[in-house]
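Notebook open, model loaded. I want to look up a few helices, the chain contact and the core, and jot down what I find.

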Amino acid sequence: MDWTLLGQQLANGLVNGMNYVLISTGLTLVFGVLRVINFAHGEFYMLGAFLTYYGMSMLGIGYLPSVILATIAVGGLGVAVNTLFFWPLRREHEFTILLSSLGMSLLVTHAAELGFGHDPKYLNSPFTDDIVEFGTIVVTQQRVLVFAAAVVVLGATYAAIKYTTFGKMMRATAQHAEGAALTGINIRFVHSFTFVLACGLAALAGSLVGPLAMIFPTVGSWAVLKGFIVVVLGGLGSVPGALVGGMALGIIEALAGSYISLGFMEAIGYAIIILVLLWRPQGLFGGAVR
Amino acid sequence: MRSLPLPGVAVFAAIAVLPFLTGSSYLHHVMVLWLLFALLALSLNVIIGYLGELSFGHAAFFGLGAYASAVLTLQTGAPVWLGLVFAGVLAGMAGFAIGYVSLRIVGPQFAILTLGFGSIIYTVTNYWVDLTRGPMGITNIPPLTLPIVGPLTEARGYFGVVLACVALFAYACHALMTSRTGRAFLAVRENAPLAASLGIDVFRTKLLGFVTATVVAGVAGGLYAHYLRVITPELMSLHYMAALIIMVVVGGRGTIIGPILGAAIYVVLLEVLRAFGPARLIVFAALLTLSVIFLPNGLVSLWPRLMAARDRRQARLVSPADAETSP
């Protein structure tokens with residue numbers, strides 16, 4: 001057995017997995033707090049990548065400041081999305097919300113195709129050309145950056161949810177929105193802030209992972225699909241579920257891609273998840289089906 | 001035999017006349033596309049409207065049927081009708097396997113799971129290049145041949161075939177919904193635990209609906225392949241998955257005329273919006289989003305709403321007299 005190859009694939013899987021965790025944490029938070037499946041979530045990933053690209057090419061700032069700027073901008077967009085879209089619809093049937101978010105996702109994708117052009121763009125990062133060696137395993141600095149930044153940001157997010165007053169408000173809203181409102185929690189504010197977190201995390205993922213591949217306006221549907229698979233695997237609304245599910249998907253895909261077939265890699269990833277769901281329909285960390 | 005519903009017969013008679021009103025082969029083509037999507041939307045309606053679950057995998061069964069029929073007829077030289085049967089059987093078998101796994105789960109999880117299954121079928125079709133020629137698609141698919149008429153290469157002839165299929169399936173849906181099984185479907189949709197307590201096998205009822213829907217989607221896929229005679233994996237892409245659901249919901253889920261209307265809106269709107277050039281799909285997505293938000297029960301709910309508004313207006317006209325008597 002080739003241990004270097006295995007280690008290399010595991011390293012790649014961990015980095016891809018971190019990307020999935022960043023995407024799906026936002027998705028699962030929005031579901032947990034608002035009980036909403038947001039189909040447009042992938043578009044924030046796409047916007048994060050493109051805003052980073054345009055921040056660098058039009059404002060002339062470096063890669064890292066551009067990443068931070070894009071993350072903040074898309075996070076701010078989250079407030080607008082909640083105020084204009086999800087808050088007014090909060091009492092509608094879940095199909096209506098799901099389908100209108102799907103409509104919004106198509107709207108943003110097509111607008112982006114018109115605005116940014118169909119052709120894939122290369123997001124330039126100073127870290128893609130240099131490598132870091134761990135023994136015989138070679139990883140680009142960009143991948144290390146993705147992993148490290150994700151660990152820091154996710155750690156801060158988990159800590160905020162667990163230890164701050166605001167985190168308590170979020171968890172209270174997730175448990176029982178009306179009960180939370182009765183204790184004086186401003187539900188609307190909690191919803192808005194949840195969207196800031198969700199959109200910011202997705203945008204950060206897009207701008208960090210962008211340099212590892214080409215970016216194009218339809219990348220959002222790829223991102224949201226991965227996010228969905230992860231949250232269903234981990235359990236909808238569960239934050240630890242998103243972490244374990246994302247990592248598992250990343251590693252499974254990397255191993256399946258290298259040992260079985262690159263083309264069918266994604267199909268194998270889905271297939272394994274379906275097997276898990278046969279065993280635990282509510283997902284690994286999900287509560288009982290309501 | 002049940003009596004035929006007269007309004008339905010009238011609607012289909014009116015549709016049957018449509019191709020004779022114009023000589024334009026472009027319009028004929030649009031009409032055939034409409035009916036093909038109407039058949040698909042009707043089949044998806046069994047899942048969304050009658051079972052009350054959202055399936056994102058339906059485009060995959062459509063694509064599966066299209067590929068099954070195209071590959072069989074091209075590789076073995078089998079007649080097209082056999083290809084269509086094969087398309088229905090294969091899609092139904094896939095529907096049984098996928099339904100068996102995923103119908104244990106309900107709500108958003110089910111929607112996402114079907115999205116995952118749909119993506120698997122899409123990915124496999126895209127990469128199994130030896131069989132499907134991958135993203136290049138399959139070309140030169142033989143046209144449907146009828147016993148007396150010969151090969152149907154013209155849109156007007158094909159219109160008749162597809163219309164017959166739509167009418168047959170619409171009647172089947174009507175018959176289903178007036179039967180005991182149909183009432184079991186609705187009971188499961190409205191309250192599954194209550195339905196189970198009345199002795200309805202919820203899982204089997206759902207599986208029956210799901211497999212029926214996928215068989216019809218497969219046949220519709222086969223019809224599509226032998227009509228356009230070119231297919232690519234894009235048939236199963238997210239665009240079509242979303243478009244099918246939108247047809248059912250915009251038209252009116254749980255009704256028979258709704259999905260047919262929704263398919264018409266989808267096909268006609270995309271053609272009319274060509275005037276907008278590249279912004280076409282943006283306008284389309286915006287219109288759909290607005291219609292889902294403001295008409296959650298679809299266009300068919302517009303008519304009762306208008307009638308209610310008229311009644312209110314009339315009530316207001318006579319209200320001065322009532323106002324004095326009421327406290």
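Before checking a helix length, I note the rule: the expected span of a helix is 1.5 Å times one less than its number of residues. Also for the record, this is a predicted model.

**Entry: α9 of chain A.** I tried the rule on α9(A), which has 16 residues and so should span 22 Å. I found its end C-alpha atoms 23 Å apart, which agrees. Next I looked up burial: 15 of the 16 residues of α9(A) are buried, so the rest of the structure largely encloses this helix. What comes after α9(A)? It is A:G235, with a positive phi near 110 degrees.

**Entry: chain A against chain B.** I counted 35 residues of chain A in contact with 31 residues of chain B. On the chain A side, the elements that give two or more residues are α4 (94-116), α9 (219-234) and α11 (265-279). The largest share, 14 residues, comes from α4(A). I sorted that side by class and got 25 nonpolar, seven polar and three charged residues.

**Entry: a helix pair in chain A.** I pulled up α5 (residues 141-163) and α8 (residues 187-209) of chain A; their axes come within 10 Å and cross at roughly 170 degrees. Angles over 145 degrees count as roughly antiparallel, so α5(A) is roughly antiparallel to α8(A). Which residues meet in this pair? From α5(A) I have A:L145, A:V146, A:A149, A:V153 and A:T157, and from α8(A) A:L197, A:L204, A:L208 and A:V209. By class, the contact of α5(A) with α8(A) has eight nonpolar residues, one polar and no charged.

**Entry: the core.** The largest nonpolar core has 192 residues. Those with the most contacts inside this core are B:L35, B:L36, B:F37, B:L39, B:V162 and B:L244. Helix α2 (residues 25-50) of chain B gives the largest share of the core, 17 residues. I followed up on B:F37: leaving aside neighbours within four places in sequence, B:F37 is in contact with B:M247, B:A263, B:Y266 and B:V267.

**Entry: B:I138.** I located B:I138 in the loop between α6 (129-132) and β1 (145-146) of chain B. Buried or exposed, or something in between? B:I138 has 19 other C-beta atoms within 10 Å, and a residue needs 20 or more to be buried, so B:I138 is partly exposed. Not counting residues up to four places away in sequence, B:I138 touches B:A70, B:L74, B:T132, B:R133 and B:I231. I also took one distance: B:I138 and B:Y158 are 20 residues apart in sequence and 20 Å apart in space, C-alpha to C-alpha.

Methods. Residues numbered from 1 in each chain as written. Chains lettered and ligands numbered in written order. Predicted model: local features only at pLDDT ≥ 70, side-chain atom pairs only at ≥ 80, totals over all residues. Axes fitted to C-alpha atoms, helices over the stretch in contact; angles between N-to-C directions. Helix = DSSP H or I, 4+ residues; strand = E, 2+ residues; numbered from the N terminus. Parallel < 35°, antiparallel > 145°, perpendicular 65-115°, else oblique. Contact = placed C-beta atoms within 7 Å. Nonpolar A, V, L, I, M, F, W, Y, C, P; charged D, E, K, R; others polar. Core = buried A, V, L, I, M, F, W, Y, C linked by C-beta atoms within 7 Å. Buried ≥ 20, exposed ≤ 12 C-beta atoms within 10 Å, placed from the backbone.
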